[in-house]
Structures are given as C-alpha cells and as structure tokens.
Amino acid sequence: MKSLAALIRESGAPLPYARSRPLEIVEIDLAPPRAGEVLVKIESAGICHSDLSVVNGTRQRPLPLVGGHESAGVVVELGAAVKNLKVGDHVTSIFLPSCGTCSECLWGTPAFCSIGAASNARGEMIEGGSRISFNNAPVNHYNGVSCYSQYAVLDERSLIKLPDDIPFDIAALFGCALLTGIGAVRNSAHTKEGQSLGVWGLGGVGLSALIGAVISKASPIFAIDPVASKRELALSLGADFALDPRENLRDQLPAGVGVAIECAGRADTLKSAYEATSRGGITVTVGLPPASEMFSISALSLVSDVKTIRGSYLGSANPRVDIPEFVDFWRAGKLPVEKLLTSVSPMSQVNETMDALQSAQVVRQVIHPY
Ligand SMILES: [Zn+2]
Ligand SMILES: [Zn+2]
C-alpha cells in the first residue's frame, strides 16, 4: 500500500532544517505485514532527541530510513500468526522489539534483547528485511518503528495494547520518553521513598524521570537545566529545587543526592551528575552523547565514596509490565503527560519541529501524519 512518510536520505544537513529539509515527505510503498507483524495507522508520533541525532548525524543509522520511534495508533491489519492483537486495538510502540528467546529476554531483561538490538542496528524488522520501499528501492526501518508515516508495519513484539480512552498524543509518549525516564528512576536506580534525587537535562525524558521521582516519593528532588522555562515546568511537576547548571547542588544539599539521573546526553553533564552524587549513591545515565565523547572521573572516588554508575537503556524496563502500570498512574492523575506536550503539528512541519528541538526550548512535540 501507499503511505506518506518522512524519509531521511542523508544526515548532517545544515541548519535550519526548515530550509534544508532533511526529512522529505514522500509517498512510500509498504509491503503487507508478515506472519507476526501488524499494519498500524499512526495517529500521533513524538519528536525525540534520538530522531534529531539521526538527522544531525551524531547517531549513525543505515540510510535512507523513515524516521520516528515513539508513536500511538490503531491496528488495521494482522499477519497470519499474530496472537495478542486484533484489528481496531489501540497500541503504543516500543523502540526495541524483544525476541523472547535470547538469554537477555529469558533472564527477564527484554530491554537488553540482543536480537532486537542487532536488527535495529541493521535497520531491519526483527524477522529480517524491510517492508518499506521508495521508487522500488528498499528503505531502512528506524528501530523497527518508522512512525513518521501515515501507516507503519511493526512486529507484534514492538507494540503494547492500550485502553481506547487514552488520548493518542499522551499514549505516544509511553513507549520512549516515559519508559526511559520513569524506568531510569524506578528500575535502574531503585529509588526509595525519602531518597534525595537530581535530574540533569529537562527534555521529555528528563521530565518523565522527574514524574517518576515524584511517584517514587523521592525527597528532596532537584531539577537542573539551563533553560528557565523548563526549570519552571519542573517546579510545577513537583521538583523541590530547580537549578541552573552553573549553580552548585551541594550549596543546597551538602551531602549531594543519593540518586543522580543524567538525561542531557553530554559527557560533561554526566560528570556534573557524578560529582553531585552522595557517598553510597548512584549515578544513572540515560542520555546518548556522541560516540566520540569520553567521560573521566577520579578512579579513587568510586571506592572511597562507594559510588555506582549505571547506564540505562529503555529504562531497563519490561514494557509489558511497566506500560500497563503507566495506564494506572495516568488514571490516578499521577502522570501529567499533557504538561510535557509543547506542540502538536502536522507531519508537513516535521523539519520545523527538529529545529525547535535543536534550540532546546521545547520539551515534547508530537506530529500527526494524516
Ligand atoms: Zn526516543
Ligand atoms: Zn531477545
């Protein structure tokens, strides 16, 4: 079938993207879903920093590709072997399909699935190959999702069914921003009630981490970002202190924070987060800095201050457990996702949304591809 989609042929286009237009809206061909796959009508797709990283070239992915890895939509067609979804189901996408059979999956850590990570790196579906073509040439998938498109073929294992009453623009954020941010606080740091916590970098993931910190009853909660409007938003979401990165957290809390969550994707921010971590505390890093950036610390401090540094991918989550919990949180009013939504735009404005994200003045934008 035909679908309008945002195609990236080359990374590293000059700014502003509104002029260079690295995301081209073209009519792609979608092959029918194979046995375990599903055709989804995309209703809402998030503009995440890792999409921008493909556009600006800090993250290398096989090109050309159809962008987008955070979405919500409706199932419109099923492959012959799909077991857990039916036509009409509302779904949110997960940017790492888990195979269910590799050692990581069997050990209960589907966020680390090695088979899904390998197919993502190749730009293929987890069952192999591409279902997307343009002018008769194959196009790569982005993390098995490629949701900057009116329709997308996804593996059943890349989708979580949601209740029908959750707005698509809210549900779109469940699979990346919320899973990554809340997961870092709960699954990676195992934050306890009353534990002090700081979040560095207040984008969609960072503010989701802050929401997770409030749910976990961390106290006090620090939010650190150079943009004043994001610090204001953090205070309205429950942060006790909002600091500019030039301020020293230890002026407010001399011992430092027990849990430091780095979401800025910069090695120097990770260093600041580590230095603000208390004795016995944990620094969790979620951001994706450019592959060339190095991170150096006092080797002695790890032992003498009994610190832990942990990387967190996909919030170290089990999406089939965590996302239904988000639904419960949302119903209980504990997930003010609408406060993270900066704007809703048509897909034709996708390049403009990338400029806005690059400017660091926005939290989460979504696009509607219809
Ligand atoms: Zn993302
Ligand atoms: Zn696996």
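Two residues are in contact, in the sense I will use throughout, if their C-beta atoms, placed from the backbone, lie within 7 Å. With that in hand, let me turn to this structure, which is a predicted model, and begin with Ile261. Setting aside its neighbours within four places in sequence, Ile261 is in contact with Ala184, Val185 and Ala189, with the run Leu197, Gly198, Val199 and Trp200, and also with Ala209, Val284 and Val286.

Ile261 belongs to a wider set. The largest nonpolar core has 110 residues, and Ile261 is among those with the most contacts inside it, together with Val66, Val199, Ala209, Leu210 and Ala223. The element that gives the most to this core is helix H6, residues 174-188, with eight residues. Where does this core lie with respect to the two domains? Both domain 1 (2-172 + 336-368) and domain 2 (181-314) give residues to the core, so it lies between them. As general background, nonpolar side chains in soluble globular proteins tend to be buried together.

Now to the domains themselves. Taken over C-alpha atoms, the centres of domain 1 and domain 2 are separated by 28 Å, and 15 residues of domain 1 are in contact with 14 residues of domain 2. On the domain 1 side of that contact, the largest share, three residues, comes from helix H2, residues 49-56, and by class that side has seven nonpolar, five polar and three charged residues.

Helix H6 also meets helix H12, residues 319-331, and the axes of the two come within 11 Å and cross at roughly 95°. Because angles of 65 to 115 degrees count as roughly perpendicular, H6 and H12 are therefore roughly perpendicular to each other. From H6 the contact is made by Phe174, Leu178, Leu179 and Gly183, and from H12 by Pro319, Asp322, Ile323 and Phe326; by class, that gives six nonpolar residues, one polar and one charged.

Let me finish with a single loop residue, Met125, whose place is between helix H4 (114-122) and strand S7 (132-134). Is Met125 buried or exposed? Met125 has 25 other C-beta atoms within 10 Å, and it is buried, because 20 or more is the cut-off for that term. Leaving aside neighbours within four places in sequence, Met125 is in contact with Ser119, Ser130, Arg131, His141, Gly144 and Asp155. Finally, Met125 and Pro97, which are 28 residues apart in sequence, are 8.9 Å apart in space, C-alpha to C-alpha.

How values were computed
Residues numbered from 1 in each chain as written. Chains lettered and ligands numbered in written order. Predicted model: local features only at pLDDT ≥ 70, side-chain atom pairs only at ≥ 80, totals over all residues. Core = buried A, V, L, I, M, F, W, Y, C linked by C-beta atoms within 7 Å. Buried ≥ 20, exposed ≤ 12 C-beta atoms within 10 Å, placed from the backbone. Helix = DSSP H or I, 4+ residues; strand = E, 2+ residues; numbered from the N terminus. Domains from an automatic or database assignment. Axes fitted to C-alpha atoms, helices over the stretch in contact; angles between N-to-C directions. Parallel < 35°, antiparallel > 145°, perpendicular 65-115°, else oblique. Nonpolar A, V, L, I, M, F, W, Y, C, P; charged D, E, K, R; others polar.
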